[in-house]
Amino acid sequence: MKRPFVALYDNLENINEGELEFREGDVLVCEEHDDDWMMGSSIMNMQIMGLVAKNYIQELRDSIRTVRAEYANQEVAEGELPFEENELLNVLKQIDDDWYVCQRSNGQFGLTPVNYVTDDL
């Protein structure tokens, strides 16, 4: 099962073939590969997959706050979270001024446009 993680360190230089390149703070979508590695991609580009060392990432489990969807988001691009109007979402991480990583009550997660949600519950 794929789960969200945040990169604790850069993985940009001297990477081995098959490893995913990423920066500290990037949100990665990963699943188990073996005892030391996950197979994953950046949530911002799900097309590029690679190995990720488990000691370079930390799972995003805790919500930093809850928001309410002001609009439905059903026509989503890959990596985005579909949701219904007025649905409550847990914010796992703010990517930048335009995007959150949110999780629905069913465990589904993905990118969420900041301007689609409100703190007014």
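In strand β7, Leu89 is the bridge partner of Val67. This pair belongs to a predicted model. Strand β6 covers residues 65–69 and strand β7 covers residues 88–94. The two strands pair in the antiparallel sense, over 4 bridges. Strand β6 also pairs with strand β10, residues 117–118. Here 2 bridges form the connection, and the direction is again antiparallel. Within this pairing, Arg68 has Thr118 of β10 as its bridge partner.

The protein is built from strands. It contains 10 strands and 0 helices. Read from the N terminus, the order of elements is β-β-β-β-β-β-β-β-β-β. In general, strands of a sheet pair through backbone hydrogen bonds, in either a parallel or an antiparallel arrangement.

Five of the strands are now considered together. An open sheet of 5 strands has the order β4-β3-β2-β1-β5. Its pairing is antiparallel. The edge strands are β4, residues 45–53, and β5, residues 57–59. Each of these edge strands pairs on one side only. From one strand to the next, the twist averages 40°. Within the sheet, strand β2 spans residues 27–32 and strand β3 spans residues 37–42. The two run antiparallel and are joined by 5 bridges. Val29 takes part in this pairing, with Ser41 of β3 as its bridge partner.

Phe5 offers a view of the surroundings of strand β1. The residue lies in this strand, which covers residues 3–7. Its relative accessibility is 6%, so Phe5 counts as buried; the cut-off for this class is under 20%. Leaving aside residues up to four places away in sequence, Phe5 touches Asp26, Val27, Leu28, Cys30 and Met38. The list of contacts also includes Ile57, Gln58, Glu59 and Leu60. Ile57 is 52 residues from Phe5 along the chain. The C-alpha atoms of Phe5 and Ile57 are nevertheless separated by 6.1 Å.

Cys30, one of the residues touched by Phe5, was examined for disulfide bonding. The structure holds 0 disulfides. Cys30 is in no disulfide, and the nearest cysteine sulfur, that of Cys102, is 19 Å away. A disulfide would require the two sulfur atoms to lie within 2.5 Å. Cys102 is likewise in no disulfide; the nearest cysteine sulfur to it is that of Cys30. Cys30 counts as buried because its relative accessibility is 0%. Cys102 also has 0% relative accessibility and therefore counts as buried.

The overall dimensions were computed next. The protein has 121 residues, and a compact globule with that number would have a radius of gyration near 14 Å. The protein has 15 Å, which agrees with this expectation. Along the principal axes, the C-alpha atoms fill a box of roughly 45 × 25 × 25 Å.

Burial and surface were also assessed. Of the 121 residues, 40% count as buried. The protein exposes about 7300 Å². Carbon and sulfur atoms supply 40% of this exposed area. Contacts were then sorted by sequence separation. Among those with a separation of 6 or more, 45% come from residues 24 or more positions apart.

Definitions and conventions:
Residues are numbered from 1 along each chain as its sequence is written. This is a predicted model: local features need pLDDT of at least 70, side-chain atom pairs count only at pLDDT 80 or more; totals for chains, interfaces and linings use all residues. Side-chain values use heavy atoms; hydrogens and water are left out. Two strands pair if DSSP finds at least two bridges between them. Axes are lines fitted to C-alpha atoms, for helices over the stretch in contact, and angles run from 0 to 180 degrees between N-to-C directions. The radius of gyration is taken over C-alpha atoms; the globule rule is 2.2 Å times the number of residues to the power 0.38. Buried means under 20% relative accessible area, exposed over 50%, partly exposed in between (1.4 Å probe, protein chains only). Contact means heavy atoms within 4.5 Å. Accessible areas come from the Shrake-Rupley method with a 1.4 Å probe; for residues, only the protein chains shown count as cover.
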